[in-house]
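Open your viewer and get your selection tool ready. We will go from stop to stop, with something to select at each one.

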Amino acid sequence: MAAGFVLNGIGVEQFDALTTLADLGVTLLLFGIGLKLDVRSLIKREVWLTSAAHMGLTVVIGLGLLAAVNLLSLPLLARTDFGALVLIAFALSFSSTVFVVKVLSDRSESQSHYGRVAIGVLIMQDIAAVVFLTALKGSPPSPWALALLLLIPGAWVIRKVWDMVPHGEMQALFGIVMALVPGYAAFELVGLKGDLGALIVGALLAGHPAAGELSKSLFTIKELLLVGFFISIGLGAMPTGESIVIAILLMVLIPIKTASYFFLLAWQRLGHRSAILTSLALGNFSEFALIVAAVGVEGGLIDEQWLVVLSVAVALSFVISAITNRTESKIVSVLVPRLPMQDATTLHPEDRPIDLSRGNAVVLGMGRIGRAAYHQLEEEYGQRVVGVENNINRVQELVAYGLDVQEADATDAAFWERVSMANNVRLVVLAMPFHGSNLAALRNLRDSDFAGRVAAVAQYDDEVADVKAPGADSVLQLYSGAGIQLADEAFEVIAQDKPPSL
């Protein structure tokens, strides 16, 4: 956005190619959101009720704040009618999907309880925004829009085609085609918002085994194209002293939004730590505020200068939110002891105490490596093993196969506050796919005064040293370990061959 303002200041004008890139970025953003959409998560009370209540509350408080700012007799507010103020307050009610996904990704906590709640709330907000944008388009859809219902059975065919798409760049190409053709283009053709089409097509393809890979493949492309969107905002109009003042005053809404999230989530029986982390992640303004405002400007509903105000406000909110989310552990450690005690029996099931003492070995991370370790410990060494995994779908699958697996996030400090291992557990295996996750879990494990042994996996030599430093007793370097195993199995094969006859 700053680059856009600078280009605007030196006389560069808006051009069609940049607008096209911006539209593509927003479309891929919504398609990616659809790929992560789990309808079951949206019907949870802590998601839909929190989303609806917070949005309504923020619109009311936002209107009150704008009315208070109007007492300063600023010209921009003076010429803005009530309907436009409602639209602006509505835009300010969203939290940033791009920001929250980045925060959760950096912490490897996208599948943690609070991470799933945050993503669920964001998806509900995004759906509300897309529906609003579609309604704002004004013209009724074509009767041919009913033909889009064919996308539901058609998704089965697309999934079969997807199964044949090779990995790598072909996955990204497949995703772009799906977002733009049956998504954007088909919906625009029948008079519906193309962005809504991208979201729906993404949701129809969610749950495919390669959905995560596709989402990662599109991430860099989407981020690059979204840069075009933010630059186009800066090219639209220059900030004035008045717009900067109003944007700074709107920052008052950030702590109010954050506190509102916390109280609503605590009301839904989330633990204090989960409620605080979710609230801090969601305590910002959203890129959707700019999308809504841009459509409002295009439709003549609000003054173009409001788009500049919201641009500056969104940027400032990112700065504030970045600071609070980098210091989240300190904020949690300060606030939680000062909050009223919660009854463990009435907490949300995913925030209640966890008992692992039924086993004498615990495997953290039940992916391919974790499952192999689980079976080896149980079948070859007769250990009673308990697995811990933060992906609820994988937990349900493994439990159905008869494994003893607990849904929890071992990188979450709250997990170690909730867990009970007594003295039964003698061995913990760190088998999570990310080095940072294993390292975080090891540090939390040692801080919990665990006296048993710890084994871990690592991909690189420097990671082996990283894990040994906090006290891992045994570390397997995956590549060297795989090479040794490969050589052993290869030798077993040739050992079975008969010696050549003379």
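Select Ser-73 to begin. Ser-73 sits in the loop between helix H4 (45–70) and helix H5 (75–78). Keep in mind that this model is predicted. Is Ser-73 buried or exposed? Ser-73 counts as exposed, because its relative accessibility is 59% and the cut-off for exposed is over 50%. Now look at the backbone. Ser-73 has a positive phi of about 60°, although it is not a glycine.

Next, select Arg-269. You are in another loop, the one between helix H14 (253–267) and H15. Arg-269 is not a glycine either, yet its phi is positive, near 70°. Its relative accessible area is 47%, so Arg-269 is partly exposed.

Move on along the chain to helix H15, residues 272–282. How many of its eleven residues are buried? Eleven of the eleven are, so H15 is largely enclosed by the rest of the structure. Click through a few of them. Among the buried residues are His-272, Arg-273, Ile-276, Leu-280 and Leu-282.

Now jump to strand S2, residues 361–364. Show the side chains. Ala-361 and Val-363 point one way. Val-362 and Leu-364 point the other way. All four of these residues are buried.

Stay on S2 and pick out its partners. Which strands run parallel to S2? One is S3, residues 385–389, joined to S2 by four bridges. Another is S6, residues 427–430, also joined to S2 by four bridges. Put Val-362 at the centre of your view. Val-362 stands opposite Val-386 in S3, and its bridge partner in S6 is Val-428.

Add helix H19, residues 368–379, to the selection. S2, H19 and S3 make a right-handed β-α-β unit.

Now select S3 alone. Five of its five residues are buried. Look at one side and you find Val-385, Gly-387 and Glu-389. Turn to the other side for Val-386 and Val-388. Both faces are covered.

From S3, step across to strand S4, residues 405–407. S3 and S4 pair in the parallel sense over three bridges. Find Gly-387 in the pairing: its bridge partner in S4 is Val-405.

For the last stop, add helix H20, residues 392–400. What do S3, H20 and S4 make? They make a right-handed β-α-β unit. Keep S3 highlighted as you finish: S3 belongs to this unit and also to the one with S2 and H19.

Terms used. Residues numbered from 1 in each chain as written. Predicted model: local features only at pLDDT ≥ 70, side-chain atom pairs only at ≥ 80, totals over all residues. Heavy atoms only, no water. Buried < 20%, exposed > 50% of the residue type's maximum accessible area, 1.4 Å probe, protein only. Helix = DSSP H or I, 4+ residues; strand = E, 2+ residues; numbered from the N terminus. Pairing = 2+ DSSP bridges. Right-handed = clockwise from strand over helix to strand, strands pointing away.
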